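Colleague: Could you show me the model you have been working on? I would like to go through its strands with you.

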Amino acid sequence: MVQYTSASLDASFAALSDATRRGVLEQLGRADASITDLAEKFHMTLTGMKKHVGVLEQAGLVATEKVGRVRTCTLGARRLEEAAAWIERYHHLWSARFEELDTVIEELKRKEKADGRKKRN
Amino acid sequence: MVEKREIESTPTKNRTTVERTSERELVVTRTFNAPARLVFEAWTRPELLKQWWVPKSMGMSLLSLDADVRTGGRYRLVFRHEDSTMEFFGKYLEVTPHSRLVWTNEESGDNASVTTVTFEETDGKTLLVMRELYPSKEALDAAGTGAADATVETFAQLDELLVTMGARS
């Protein structure tokens, strides 16, 4: 399971509190992009966009890699952790549901047995 | 003490598995110690469905459940989890007694997934396989991690975590 520390949560929370940064995440969800692409898309200076990406990077929401003169941004490792956490929650929900379903089924079995006895008698 | 409880309860409980089998599909499996007709009954009689679909142990409560369980019939259920109310609805595409159930999950609009449940009986036990097929990889990702609407979902998750952490400290 994912371990969240208070500091990383603060960072995530701060990172997501800005509409542009949320837009950048959404954009990167569709395709990787360079900082220049992002700056253009969000009508922003390169310096401004670098700052936003920096905040997202610190929060682990975005990863960047510099190849030549271009810095490419992708969604960060945090997304993978979230995916794992989601499957975990899903599993937890279905395990809990099925335990209650066991109880319902046991009751049905019990009733059927009782009815069977009645019919035979 | 905790270990002991686990050992005692393990023999009666069957294991639930969840697996992402492809980019678009999640599969859940579980065996039940009863014939398929009883397991099927518990999935298709609304008054029985109500007893287990919204597990109390998860802090959820059922507000309403309407299900017209037949091919072409619709269902709608509403439940409460902490402070939010969640609504799920769709249509049964196939209801084949004791062996197969198929329905749509339409609450997420364009990302509607289709759930197929099969019941397979062997020696009085029933293997249940539930497949959730999403229209695309993106739709499945969105359902789980909210890649499409990272903002809303992640915010809600963070909120939850923050509340939990606040309660602990």
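Modeller: Here it is, and please keep in mind that this is a predicted model. Let us start at the hairpin of β7(B) and β8(B), where D123(B) takes a positive phi near 50°.

Colleague: Happy to start there. How many residues lie between the strands of that hairpin?

Modeller: Strand β7(B) covers residues 113-122 and runs antiparallel to β8(B), with 9 bridges joining them. Within this pairing, T115(B) stands opposite E132(B) of β8(B). The turn holds D123(B) with its positive phi, and the number of residues between the strands is 2.

Colleague: Which residue of β8(B) is the bridge partner of V28(B)?

Modeller: Strand β2 of chain B spans residues 25-32, and β8 of chain B spans residues 125-133. The two pair in the antiparallel sense over 8 bridges. In that ladder, the β8(B) partner of V28(B) is M130(B).

Colleague: Now to the other side of β7(B). Which residue stands opposite T115(B) in the pairing with β6(B)?

Modeller: β6(B) and β7(B) run antiparallel and are joined by 6 bridges. We have already met T115(B) opposite E132(B) in β8(B). Facing T115(B) from the β6(B) pairing is W103(B).

Colleague: Why is β6(B) described as largely enclosed by the rest of the structure?

Modeller: Buried here means under 20% relative accessible area. Strand β6 of chain B runs over residues 100-105, and it is largely enclosed because the number of its 6 residues that are buried is 5.

Colleague: And β5(B) comes just before that strand. Which residue in the turn between β5(B) and β6(B) has a positive phi?

Modeller: β5 of chain B, residues 84-96, pairs with β6(B) in the antiparallel sense over 4 bridges. One of the bridges links T96(B) with R100(B). The hairpin has 3 residues between its strands, and the one with a positive phi of about 70° is H98(B).

Colleague: Let us turn to chain A. What pattern does chain A follow along the sequence?

Modeller: Chain A has 5 helices and 3 strands. Read in sequence order, they give α-α-β-α-α-β-β-α.

Colleague: What share of the accessible surface of chain A belongs to carbon and sulfur atoms?

Modeller: Of the 121 residues in chain A, 37% are buried. Among its contacts between residues at least 6 apart in sequence, 47% join residues at least 24 apart. The accessible surface of chain A comes to about 7300 Å², and the carbon and sulfur share is 52%.

How values were computed: Residues numbered from 1 in each chain as written. Chains lettered and ligands numbered in written order. Predicted model: local features only at pLDDT ≥ 70, side-chain atom pairs only at ≥ 80, totals over all residues. Heavy atoms only, no water. Pairing = 2+ DSSP bridges. Buried < 20%, exposed > 50% of the residue type's maximum accessible area, 1.4 Å probe, protein only. Contact = heavy atoms within 4.5 Å. Areas by Shrake-Rupley, 256 points an atom, 1.4 Å probe, with all protein chains shown as cover.
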